[in-house]
Amino acid sequence: MPHRSIRQFTPAPVSAATLTLLEATAQATASSQFLQQFTLIRVADAAKRAAIAALTHCDFVAGPGVLYVFVVDQARNQRLLAAGVADRLRDWNAFLAGSFDATLAAQHVVDTAEALGLGTCYLGSILNDPQQMIDLLHLPRYTFPLLGLMVGHPATIPAGKPRLPQAAVVATDQYPAPVSLTAYDNTLRDYYEHRPEHPRSTDFTQLVNAYIKTDPHHRGEIGRILRQQGFRLD
């Protein structure tokens, strides 16, 4: 089923039973080495929601819907070690394993929520200011806020965005040969110009070129913050 990012939610609350199901679904996700290296935080405090809305530049985060933050978590497993801090729980492999666990859990929640008729929107933009996220959520060392997720009852359902041609993305046995994206640029430009909400004139090539010129906010500090959080990523 095609995914659609929902950024407008109705005031109808997500039931407690559904939240329990979604959170159990996150925990039931496949986990690297079964070390369960993520933590899920449901953000309910209005002031924290407003702060996260500001740093993500997504006003809807402060409105209806449920906000989750998926956290790479090696702190819990570090506490279980009789010998104290272990490099194997704070190196690149450990950080990537926690990132995989958190990302897979988030996708599992999205799939379940959408099957229930709910809408979702990923918030990679929590990385605009990871230190503020760490402070807001009181995250200990050996953790890192990886991504956010909004879940709620959709107020509108936008049309699905056209994806890259499959030949540009999928291949057998080796990297795919370069293909022309001219037709895709035209398709995407037509989509953006005719969509009901926030129409604009752009295509995929222009999106890529615009991306490298956008303000990275505090994302350039991620390496330093990860080291500050105790990860050894040399």
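**Reading features in a predicted model**

Author: Arg200 is found in the loop between helix 7 (182-194) and helix 8 (204-211). The structure before us is a predicted model, and I shall use this residue to begin.

Reader: Is Arg200 buried, partly exposed or exposed?

Author: The general idea is a pair of cut-offs: a residue is buried under 20% relative accessible area, exposed over 50%, and partly exposed in between. Arg200 has a relative accessible area of 40%, so it is partly exposed.

Reader: Which residues form a positive surface patch with Arg200?

Author: A patch takes residues with over 30% relative accessible area and no salt bridge. Here Arg200 joins Arg7, Lys161 and Arg163 in a positive surface patch. The 40% of Arg200 lies above that cut-off, which means that Arg200 meets the area requirement.

Reader: Which residues make the nonpolar surface patch, and what is its area?

Author: Trp92, Leu96, Phe100 and Leu104 make this patch, which covers about 400 Å². Leu104 is found in helix 4, which spans residues 92-115. With a relative accessible area of 44%, Leu104 counts as partly exposed.

Reader: How should I read a salt bridge, and how many does the structure hold?

Author: One looks for a side-chain nitrogen of Lys or Arg within 4 Å of a carboxyl oxygen of Asp or Glu. The structure holds 6 salt bridges. One of them is formed by Arg76 and Asp73, whose closest N and O atoms are 3.3 Å apart.

Reader: Which partner in that pair is buried, and which is partly exposed?

Author: Asp73 is buried, at a relative accessible area of 7%. Arg76, in contrast, is partly exposed, at 31% relative accessibility.

Reader: Which residues are joined into one network by salt bridges that share partners?

Author: Let us take the pairs in turn. Arg90 forms a salt bridge with Asp87, and their closest N and O atoms are 3.0 Å apart. Arg90 is buried, with a relative accessible area of 15%, whereas Asp87 is partly exposed at 43%. Asp87 also forms a salt bridge with Arg232, where the closest N and O atoms are 3.7 Å apart. Asp87 lies in the loop between helix 3 (75-78) and helix 4, and Arg232 in the segment after helix 9 (222-228), so this pair ties together parts that are 145 residues apart in sequence. Arg232 is partly exposed, with a relative accessible area of 42%. Through shared partners, the salt bridges join Asp87, Arg90 and Arg232 into one network.

Reader: What is the nearest side chain of opposite charge to Arg195, a buried residue without a salt bridge?

Author: Arg195 has its place in the loop between helix 7 and helix 8. The nearest side chain of opposite charge is that of Glu197, 7.4 Å away. One should then look for other polar partners. The side chain of Arg195 reaches the backbone oxygen of His198 at 3.1 Å.

Reader: Which residues other than glycine have a positive phi?

Author: Two cases may be named. Gln36 has a positive phi of about 50° although it is not a glycine. Gln36 lies in the loop between helix 1 (16-27) and strand 1 (38-43), and is partly exposed at 31% relative accessibility. Tyr142 also has a positive phi, near 70°. This residue lies in the loop between helix 5 (130-136) and strand 4 (143-152). Tyr142 is buried, with a relative accessible area of 12%.

Reader: How many residues along the chain, and what distance in space, separate Thr187 and Phe204?

Author: The general approach is to set the separation along the chain beside the distance between C-alpha atoms. Thr187 and Phe204 are 17 residues apart along the chain, and their C-alpha atoms are separated by 9.3 Å. Thr187 has its place in helix 7 and is partly exposed, with a relative accessible area of 41%.

Reader: What are the corresponding values for Pro176 and Ser201?

Author: These two residues are 25 residues apart in sequence, and 29 Å apart in space from C-alpha to C-alpha. Pro176 lies in the loop between helix 6 (166-169) and helix 7. Its relative accessible area is 15%, so Pro176 is buried.

Definitions and conventions
Residues numbered from 1 in each chain as written. Predicted model: local features only at pLDDT ≥ 70, side-chain atom pairs only at ≥ 80, totals over all residues. Heavy atoms only, no water. Patch = residues over 30% accessible without salt bridge, like charges linked within 9 Å, V, L, I, M, F, W, Y side chains within 5 Å. Areas by Shrake-Rupley, 256 points an atom, 1.4 Å probe, with all protein chains shown as cover. Lys, Arg positive; Asp, Glu negative; His and termini not counted. Charge placed at Lys NZ, Arg CZ, Asp CG, Glu CD. Helix = DSSP H or I, 4+ residues; strand = E, 2+ residues; numbered from the N terminus. Buried < 20%, exposed > 50% of the residue type's maximum accessible area, 1.4 Å probe, protein only. Polar contact = N/O pair within 3.5 Å; in protein donor to acceptor, adjacent residues only side chain to side chain.
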